[in-house]
Amino acid sequence: MKNKLTKNKTILLIEDEIPTLEILYDRFTKEGFRVLKARDGENGLELALKEHPDLILLDIILPKVNGIEILRKLRADNWGKDALVIILTNLSDIRTAADTLENGVYSFMVKSAWKLEDLVKNVKEKLKLR
Amino acid sequence: MLDRKSNNKLKQLQEECEALFKHVKDIIVLFDKKGKILYINPAVKKITGFSIEEMKGKSFKDFTFVNSKNRRKLADYFAKRLKNPEDQSVSEVEGVSKNGRKIIVEVSANPLKSGRKVIAVLVIARDINKRKQIENMLKDSKERLRNMLTSSPEAITVTDLNGFITECNQATLNMHGFSSKEELIGKKAFDLIASKDHKKALANMKKTLKQGFIKDVEYTFLTKDGREFPAELSASVVLDTTGKPIAFMAITRNIFKHKQSLKAGKEFISIASHQLRTPLAIMNWYSEMLLGDNTGRLNNKQGKYLEEIYKACQQLVRLTDLLLNISRLELGTLKIEPELVDIGKVIDNVLSELLLQIRNKKIKVNKDYGKTPLIVNADPNIIHIIFQNLLSNAVKYVHEESNVGISIKRQNSSFLVKISDNGYGIPKNQRSRIFTKFFRAENIREKEPDGTGLGLYIVKSFIQESGGKIWFKSEENKGTTFYIKIPSNIKK
């Protein structure tokens, strides 16, 4: 049943840590989503603007273009300005920077503080799948 | 030659002097118009060592105990006084006494008239040797003080009560890039502070005047060419001998380097936390996937072992967060971002996180939140950390089937939260130390070897940062009650 809801939704993972990227890929694929992977900021931004995913899980510390920069560039784009983004990082201290960019409407999750299960829940909530 | 009338007057004067000045401590001399001594009182012996007999009939020009330079000075002074009797000036004359001691006297001469004619000059010579010594001592100590100020490696600036600079030292000049004192003296001290800090500086000036001093306030200061630098200032009010404020004295320290190293520390923590959390998140998520049946069922043993790994990971996450919070507190980088928070909801969230432990130990939780809304303007993370620590302690340090009570009451502009248990309690001799970093009470070290001794330290620091208060009552083997007062509007 749930696959029906998630099948036509695309999630873009922008994450440079391979084990993290893979477990997120496995978990969301299992949930039925179509999942795209990017391992650096440049590739991530390119994929986002080309594929227009329904939601982006965005790391902050990334090779080439960092997460905050990606967010800034997305928000300047016609499609990207409304794109759903969840910042998934371990840097709790940059929350303020992210909030400022997101005009207060943030989705900011510290990786080590969340279960995968809760992350999935949060994603579905954002996509109004629940 | 004097006329008869004048002569009589002179004689009368001499007689009057004999009668009046015998016991006066100052030397009193009556000179005739030519400068010859008509009368001199006994004080002359004490001050100069010369007797009345030795002095009488002499002219001041014959004073061998005064050198020629001082004799000329005396002659000039007398001439000036004769020419202008209204002038009240005095003169200081130095000499050497009969037995070789230094004499310094303050001389005042008063022409005496008969009709319009000056017939004599009454001179009072006061021994000011002692006064001079004291004056010199004062001058010396003033000089020494000035030298200390000048050579101090700390930047010292003195201003009047209106904030105009009256004195400063080399270190001040160096710090602000001025080349001479003249450039600064007379300037307003505020000209050295960036305008964005003027309001704060004015308030602090008033505060200093009120309490007598101020310590370590930070301003952005300016160099001569307008470059900004951070500095810490301590100042005190200088009082005169009657206790009236007359000046401010400030010591200013450039803290640019200090701030830089703080920043480096902050960055290090940020990086370290990221580095620690990355593998933790990986361990957590992979364990979660295995436990969650995503890869086929594990047998009982495998499941149990994995459960332990997962639990240890969670413990590591908590420790990392704890250490991060401590370094933030100690580096002063803790950010308080207040929003409207429902304390009751925060506590309920914490309770649901602790549900497993509460169930396993069959603990009964009694809640009494009252009816009023429990909204405070506070940082939700901080409030969460406070109650997470207190409640997990309450659950941890009780026997099975114990009671934990939570009550919240509104008290004027704050909330009083009471968290009570009927558990192990805190031994009497250790109660004063329970908020100390790394301290763990003896009676629980064996029962719960895993504690860090950091929880209550963090709780107390966070509550203090938020302007609240925490205290407790405890009895060993009967239980502990913590009282937490949180202002409903927490300062940012």
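Guide: Before we start, helices here are DSSP runs of H or I with at least four residues, strands are runs of E with at least two, and both are numbered from the N terminus. Also keep in mind that this is a predicted model.

Visitor: Okay! What does the secondary structure of chain A come to?

Guide: Chain A has six helices and five strands. Reading from the N terminus, its elements go α-β-α-β-α-β-α-β-α-β-α.

Visitor: And how many of its residues count as buried?

Guide: Chain A has 130 residues, and 50% of them count as buried. The area that chain A exposes is about 6,300 Å², with carbon and sulfur atoms supplying 49% of that.

Visitor: What about contacts in chain A between residues at least 6 apart in sequence?

Guide: Of those contacts, 62% link residues that are at least 24 apart in the sequence.

Visitor: Let's switch to chain B. What is the order of strands in its open sheet of five?

Guide: The order is β12-β14-β15-β17-β16, and the pairing is mixed. On the edges sit β12 (364-368) and β16 (469-475) of chain B, each pairing on one side only. On average, neighbouring strands of this sheet are turned by 10° against each other, ignoring direction.

Visitor: What holds strands in a sheet together, in general?

Guide: Strands pair through backbone hydrogen bonds, and they can do so in a parallel or an antiparallel way.

Visitor: So which is it for β12(B) and β14(B), parallel or antiparallel?

Guide: That pair is parallel, with five bridges. As one spot to look at, B:V365 is opposite B:V404 in β14(B).

Visitor: And β14(B) with β15(B), parallel or antiparallel?

Guide: Those two are antiparallel, with eight bridges. Together they make a hairpin with two residues between the strands, and B:N412 in the turn has a positive phi of about 55°. You can also find B:Q411, whose bridge partner in β15(B) is B:S414.

Visitor: How many bridges join β16(B) to β17?

Guide: There are seven, between β16(B) and strand β17 (residues 479-487) of chain B, and these strands run antiparallel. To see one of the partnerships, look for B:F472, which is matched with B:F482 in β17(B).

Visitor: Which strands does helix α12 of chain B touch?

Guide: Helix α12 (residues 380-396) packs on the sheet and touches β14 (403-411), β15 (414-421), β16 and β17 of chain B. The direction of α12 makes about 25° with that of β15(B). Helix α14 (residues 455-465) of chain B packs on the sheet as well, touching β16 and β17. The angle between the directions of α14 and β16(B) is about 140°.

Visitor: What does strand β11 of chain B pair with?

Guide: Strand β11 (residues 339-342) pairs with β13(B) in the antiparallel sense, over four bridges. B:L340 has B:N377 as its bridge partner in β13(B).

Visitor: Which residues are on the covered face of β13?

Guide: In strand β13 (residues 375-378) of chain B, B:V376 and B:A378 are on the covered face, while B:I375 and B:N377 are on the uncovered one.

Visitor: New topic: where does B:D348 lie?

Guide: B:D348 is in helix α10 (residues 343-353) of chain B. Leaving out residues up to four places away in sequence, B:D348 touches B:K367 and B:Y369. B:D348 and B:K367 are 19 residues apart in sequence, and their C-alpha atoms are 9.6 Å apart.

Visitor: Why is B:D348 partly exposed?

Guide: B:D348 gets that label because its relative accessible area is 29%, and partly exposed covers what lies between the limits of under 20% for buried and over 50% for exposed.

Visitor: How many cavities of 30 Å³ or more does the structure hold?

Guide: It holds two. The largest cavity contains about 320 Å³ of space. Its lining has 20 residues, and those closest to the centre are B:T159, B:A189, B:I193, B:L233 and B:A250. The largest share of this lining, four residues, belongs to α7(B).

Visitor: And what volume does the second largest pocket have?

Guide: The second largest pocket has a volume of about 370 Å³. It is lined by 14 residues, and B:L145, B:L149, B:V158, B:E167 and B:M249 lie nearest its centre. Here α5(B) gives the largest share of the lining, with five residues.

Notes
Residues numbered from 1 in each chain as written. Chains lettered and ligands numbered in written order. Predicted model: local features only at pLDDT ≥ 70, side-chain atom pairs only at ≥ 80, totals over all residues. Heavy atoms only, no water. Pairing = 2+ DSSP bridges. Axes fitted to C-alpha atoms, helices over the stretch in contact; angles between N-to-C directions. Contact = heavy atoms within 4.5 Å. Buried < 20%, exposed > 50% of the residue type's maximum accessible area, 1.4 Å probe, protein only. Areas by Shrake-Rupley, 256 points an atom, 1.4 Å probe, with all protein chains shown as cover. 1 Å grid on protein atoms, 1.4 Å probe; cavity = no way out; pocket = protein on both sides within 12 Å on 5 of 7 lines; lining within 4 Å. Points joined across faces, edges and corners; volume = space filled by probe spheres on them.
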